[in-house]
Amino acid sequence: MQILEHNNQKVTVDKGELVGYEVNGHEYIHQKGSPGWRNADTEMFPIIGPTAEARFQVQTPKDIAIQDQHGLLREMEYELTFESASELKYEKTYTAGTQVGNSKYPNKSDKQFLYWPYAFQFEKKIRLLADALEITFTISGERDTPFMLGYHPAFKLHGENVSIKTGERTIALDEVLAVGSRALEVPNCNSVVLQDTSGLSITTEGFKGFMLWTEVRNMVCIEPITFYPYAVPQHLLHEGFDYVLDIPKRFTVKLRPEPQVA
């Protein structure tokens, strides 16, 4: 367990998972064991979304890959590679074609192992700023490595009148609940504000939008994504790929506490 502290902020990270962001005694991150979801955050990579209807097969330029929901990265363990008073770095390294155990097998999937035809290195950097928390993802690999990336943090809800405000609309929690497991798409957007008893601004760089998901009223997942997986049938998920080019791809998420809202 690693802890970063600065002034009134405290960040807690467990094996690369952000399990706490507390500011002035207010906890923003959903706590494990609470209703809603068994995690606090995770990453969706190299694909986003379900694959069961496509028999867990995803077409890539090289070959068919076997992937379960949200990809194989979350089945791998992070290695802590750097630690300072204000910053933590974690890495996952994958060798092309390596079989990775699927935690959904056998209860929720008939695929015991997952694999991807491309090697990659995935870095997650967590940096505590003077008034915000910054999470940066860096993806390295051979040129033209295909991928989708989604960051999947869950936020603890404290108030009764919770909403998510974008530049164009205010989305009530009931709207997110109504969409169910598909998650509500917020396209072409790089900034939202979670309006609760204590607000939180979530801004991104590199992502193309968000999707919102919850099945309970005590938490909500506000997920920056490069592609909304329900835009195409599951067997066409490859239409949502981005590609590694000559330099690593970087994506940033910044969490900044907002003044208290009514």
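**Exercise 1.** In which sense do strand β12 and β13 pair, and over how many bridges?

*Solution.* The model is predicted. Step 1: take β12 as residues 120–128 and β13 as residues 133–141. Step 2: the pairing of these strands is antiparallel, with nine bridges. Step 3: four residues separate β12 from β13, and the two strands form a hairpin. Step 4: to check the register, locate I126, which stands opposite I135 in β13.

**Exercise 2.** Find what β13 pairs with besides β12, and state how far β13 is enclosed.

*Solution.* Step 1: β13 and β24 run antiparallel and are joined by seven bridges. Step 2: one bridge matches I139 with K249 in β24. Step 3: apply the burial cut-off of under 20% relative accessible area. Seven of the nine residues of β13 are buried, so the strand is largely enclosed by the rest of the structure.

**Exercise 3.** Classify the aromatic pair of F147 and F251 and place it in the fold.

*Solution.* Step 1: the ring centres lie 6.1 Å apart, with 85 degrees between the planes. Step 2: planes over 60 degrees apart count as edge-to-face, and the pair of F147 and F251 is of this kind. Step 3: F147 belongs to strand β14 (residues 146–147) and F251 to β24 (residues 249–257), so the pair ties together parts 104 residues apart in sequence. Step 4: F147 and F251 are both buried. Step 5: ring pairs link F147 and F251 into a cluster that also includes F45, Y94 and F120.

**Exercise 4.** Which rings have K89 and K92 over their faces?

*Solution.* Step 1: K89 lies over F82, 5.7 Å from the ring centre. Step 2: K92 lies over Y78, at 4.2 Å from the ring centre.

How values were computed
Residues are numbered from 1 along each chain as its sequence is written. This is a predicted model: local features need pLDDT of at least 70, side-chain atom pairs count only at pLDDT 80 or more; totals for chains, interfaces and linings use all residues. Side-chain values use heavy atoms; hydrogens and water are left out. Rings of Phe, Tyr and Trp (its six-membered ring) pair if their centres lie within 6.5 Å; planes under 30 degrees apart count as stacked, over 60 as edge-to-face and the rest as tilted. Buried means under 20% relative accessible area, exposed over 50%, partly exposed in between (1.4 Å probe, protein chains only). A charge sits over a ring if NZ of Lys or CZ of Arg is within 6 Å of the ring centre and within 35 degrees of the ring normal. Two strands pair if DSSP finds at least two bridges between them.
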